[in-house]
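Q: Please take a close look at one part of this structure, the contact between chains, and then work inward from there. I would like a connected account rather than a list.

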Amino acid sequence: MAELEPVIGLEVHAQLLTKSKMFCGCRAEYLGLPPNSNTCPTCLGLPGALPVINRAAVEMTIRTALALACRIPEFSKFDRKNYFYPDLPKGYQISQFDLPLSLAGQLEFEVDGQRRACGITRVHLEEDAGTLHHAGEIHTSNFSLVDLNRAGVPLMEVVGEPDLRSPREAPQYLRALRQLLIYLGVNDGNMEQGSLRCDANVSLRPRGQREMGVKVEVKNMNSFRSLEAALTYEVGRQTDLIQRGMTIVQETRGWSELEQATVSQRGKEEAQDYRYFPEPDLPPLKVGRELVEQLKAGLPEPPMRLRDRLLDQYEISAEQVLVLTERPQDAAYFEAVVAAGAPPRAAANWQAGPLQALCKAARVEVERCSISAGELADLVRMVEAGEVSGSTARELLAEAFESGASPAALVTERGLAQVSDAAQMDAWVDDALRQLPKAAADFQAGAERALGPLVGAIRKASGNRANPDLAARLLRERLARPGE
Amino acid sequence: MDLAQVEHLSRLARLGLSPEELQTLLGQLTAIVAAVDKLQEADVSSVDPTAQVGGLYDVMRADEVAPSLEAEQALANAPRKEAGLLRVPAIQ
């Protein structure tokens, strides 16, 4: 039998970071609110209440679509997707069927250092449903509890083409998309809390065949890890069935974290018939070309291009670039530190190392922390010039991070500037040699390691202010071994 | 229309209908669909497809938060509730 090739496409739902819901003025931020305290006649679907489109949600969707190189048709409309479920108060979801806000784009992502592109079918706009709470086990309980705070929150759907060819590619595609949404400021990327959700369509076909196999939809994957695990399992399950001469059934399966397996939820015969029809309560949209141009002009530098540029422009490693482009604000901070005079490599080390650790511990973003880019640049410059030791600088950074002081100012204020003065250094070297005659003798006898304690003694005597490189050099001169 | 279609629709609408009711609806729906079918006779070759005839476009609101209902108000007409939540039969 010919080798089987997986064909995978992802559907990603992203809650938009608007202030209000998609069609009413209730809050879009619903987490932590008392149940059913964030609703109104519109999102409850009460008779006579009319929806009105949130302009910000439309613009965020178009911006996302443009960042994915999609085409923005001049005409778009909303449709009703009809189905009954207790978390859907109206009995239909307002979505987009045949005339979405955008079509035909692509997303670039990286797998094992290789760049790949995946087609984007469309990006459209719809509304989220409420949430269901089950008493006890979902299968045994005879009732559910409904909270409608989330009902009507703007939900953007990014439909990917079935261009992915292995379970490994899926989380990488999703990572790239998530980062793009964060760069655009349209979604918070929180998969755990469900503001970013992912479903997958999976089928197999003999390699080289154009025609697609029977496809299975896999749901319930709420992390990159579970996405890859679910797809790996599903590809294995389908491969096994085909190799045993059985046929794949078109169905919807859910990933069970507990069983580490996909479990059948709904077969084709129960497949939904949504009876889409145009939403009569919402006039269609004519998306003006001026608006499209204006939104395009306001797009941020996309993460992939930003990484290329940083790698090109500064002498920093690919790993450093990756850390510094996690969020656009990280890269902006880094470039500000460099612009303020810090050497790029050292600036990257200090930002991605000690400063980021402090920010993480304090749960604050680097651009909001008390150390300004200029202050970090001053400190980095002093370390690089040998004016202050690395360990002292790290301590001062931590202190300044807490107190809001300038770390460079603390150096001067405390007299912690590293000493390179010849007379003072000579005096410390003399003391050290007197204190540790054995180490001195050992070093002279050829034990390189004996230099360590001597440098340590000098550092201690100087209150950590002696320039360690200079101390080591002076010691070597004094203890010059015969013939050297 | 045939009986299978009426059964399919009743399932989608979550209506538990008796065989007699399904037969009655089959007759009624067949007549309704036949009446609507009359529209097929109209010549629309010179008319652009449209979903609306109101002539309105781009009716949008600014992204501003407005007051919501109190939870008690929102649940006022709910037949069953529990701890501020709507209580509904479990999905089978």
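A: Between chain A and chain B the count of salt bridges is zero, in what is a predicted model. The contact nevertheless draws on 50 residues from chain A and 31 residues from chain B. About 3500 Å² of area is buried between chain A and chain B, and carbon and sulfur atoms account for 61% of that area.

Moving from the contact to the interior, the largest nonpolar core has 63 residues, and the members that touch the most others are A:Leu10, A:Leu68, A:Phe78 and A:Tyr173. The element that gives the most to this core is helix α3 of chain A, residues 169-184, with eight residues. A second core, of 37 residues, lies apart from the largest one, and A:Ala346, A:Val380, A:Met382 and A:Leu397 are among its members. In soluble globular proteins, nonpolar side chains tend to be buried together.

A:Leu68 deserves a residue-level view: leaving aside residues up to four places away in sequence, A:Leu68 touches A:Gly105, A:Gln106 and A:Leu107, together with A:Ile120, A:Val123, A:Val158, A:Leu177 and A:Leu180.

Strand β4 of chain A, residues 79-82, offers another detailed view, with A:Asp79 and A:Lys81 pointing one way and A:Arg80 and A:Asn82 the other way, although all of them are buried. This strand is joined by four bridges to strand β5 of chain A, residues 92-95, and the two run antiparallel. Strand β4 of chain A also pairs in the antiparallel sense with strand β15 of chain A, residues 277-278, over two bridges. A:Arg80 takes part in both pairings, since its bridge partner in β5 of chain A is A:Ile94, while in β15 of chain A its partner is A:Phe277.

The cysteines call for a more careful reading. A search of the whole structure finds zero disulfides over all chains. For A:Cys24, the closest cysteine sulfur is that of A:Cys40, and because the two sulfurs are 3.6 Å apart, they are too far for a bond; the cut-off for a disulfide is 2.5 Å. The sulfur of A:Cys26 likewise has its closest cysteine sulfur in A:Cys40, at 3.7 Å, which is too far for a bond. Both A:Cys24 and A:Cys26 are buried, A:Cys24 with a relative accessible area of 7% and A:Cys26 with a relative accessibility of 1%.

Terms used:
Residues numbered from 1 in each chain as written. Chains lettered and ligands numbered in written order. Predicted model: local features only at pLDDT ≥ 70, side-chain atom pairs only at ≥ 80, totals over all residues. Heavy atoms only, no water. Core = buried A, V, L, I, M, F, W, Y, C linked by side-chain atoms within 4.5 Å. Buried < 20%, exposed > 50% of the residue type's maximum accessible area, 1.4 Å probe, protein only. Contact = heavy atoms within 4.5 Å. Pairing = 2+ DSSP bridges. Buried area = accessible area lost by both parts, 1.4 Å probe. Salt bridge = Lys/Arg side-chain N within 4 Å of Asp/Glu carboxyl O.
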